[in-house]
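This report describes the fold, the nonpolar cores and selected residues of one protein. The sequence and the structure are shown first.

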Amino acid sequence: MKQGKLIVLSGPSGTGKGTICKQLLPGADAVLSVSMTTRAPRPGEEEGASYFFTDREKFSEQIRGNGFLEYAEVYGEYYGTPRGPVETHLRAGRDVILEIDMQGAMQVKAAFPRGIFIFIMPPSMAELRRRIESRGSESPEQIRERLRKAEAEIGYLWKYDYVVVNDDLDRAVGDVSAILRTERLRVNRAAEGILDRFQRETV
Ligand code: 5GP
């Protein structure tokens, strides 16, 4: 049975990774992993859909039980990818998208070097600042912190396989879809599925 692939999307806060994922999913033939976090829900966020919201104690328990594929502290809160559902999907041959920060992406890369690592870039730092400011959910100090982290994250761009600049949402979604389609056509990937079908076919 062919294994699914891990697809990691990272990029600075405010680049529109979440929006790209939402638009991508209906036609992507992949599932999105739902992370666990200790941060409070924002208005409109749903338990189990946006995140699994939890407290620090339960998060620590999950770490001790090896329940995360990766986890990281981002802006003073913890975020992690629950291991169980991801492994189940991969074993069933389904591709899984992780929308996680660069620290988590590097942990996933160490464990799954054959994952697909995509970096979503803002068109410019000025545009990134404008997008974060227009969300209106962060204080001036939090905005400065996000911009500092963005600069540090962009320094890790070279560790990724692909870069997509989100200056136009439709084009960015199209670019990510094209990456996924191309990866599925790679010989070592496509051949697994084709051989699998041939071997199950009785003549
Ligand atoms: P937000 O609080 O704005 O939803 O997310 C803050 C940052 O945490 C974003 O960069 C997001 O990609 C990242 N993030 C979300 N879930 C995870 C996760 O499970 N692991 C890691 N390492 N980062 C995550």
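The sections below proceed from the overall architecture to individual residues.

## Overall architecture

The model is predicted. The protein contains eight helices and nine strands. Its radius of gyration is 18 Å, close to the 17 Å that the globule rule gives for 203 residues, so the protein is as compact as a globular protein of that length. The C-alpha trace spans about 70 × 40 × 30 Å along the principal axes.

Contacts between residues at least 6 apart in sequence are dominated by long separations, since 69% of them join residues at least 24 apart. Buried residues account for 41% of the 203 residues.

## Surface and charge

The accessible surface of the protein amounts to about 11,300 Å². Carbon and sulfur atoms contribute 52% of that surface.

The protein carries 30 positive and 30 negative charges. The mean positions of these two sets are 3 Å apart.

## Nonpolar cores

The largest nonpolar core consists of 17 residues, and within this core I118 and V176 touch the most other members. Two or more residues each are supplied by strand 1 (6-10), helix 1 (17-28), strand 8 (116-121) and helix 7 (169-185). Helix 7 gives the largest share, five residues.

Which residues does I118 touch, not counting residues up to four places away in sequence? On one side of the sequence, the contacts are I7, V8, L9 and S10. The others are Y160, Y162, V164, V176, I179 and L180. V176 is thus both a contact of I118 and, with I118, one of the two residues that touch the most other core members.

Another core, of 16 residues, lies apart from the largest one. Its members include V86, V96, F119 and M121.

## A buried arginine

R131 is located in helix 5, which covers residues 125-135. Is R131 buried or exposed? Its relative accessible area is 18%; because the cut-off for burial is under 20%, R131 counts as buried.

Leaving aside residues up to four places away in sequence, R131 touches G14, T15, P123, N166 and D167.

## An exposed glutamine

Q199 belongs to helix 8, which covers residues 187-200. With a relative accessibility of 64%, Q199 is classed as exposed, whereas R131 is buried.

Q199 and D95 are 104 residues apart in sequence. In space, their C-alpha atoms are 22 Å apart.

Methods. Residues numbered from 1 in each chain as written. Predicted model: local features only at pLDDT ≥ 70, side-chain atom pairs only at ≥ 80, totals over all residues. Heavy atoms only, no water. Helix = DSSP H or I, 4+ residues; strand = E, 2+ residues; numbered from the N terminus. Rg over C-alpha atoms; globule rule 2.2 N^0.38 Å. Buried < 20%, exposed > 50% of the residue type's maximum accessible area, 1.4 Å probe, protein only. Contact = heavy atoms within 4.5 Å. Areas by Shrake-Rupley, 256 points an atom, 1.4 Å probe, with all protein chains shown as cover. Lys, Arg positive; Asp, Glu negative; His and termini not counted. Charge placed at Lys NZ, Arg CZ, Asp CG, Glu CD. Core = buried A, V, L, I, M, F, W, Y, C linked by side-chain atoms within 4.5 Å.
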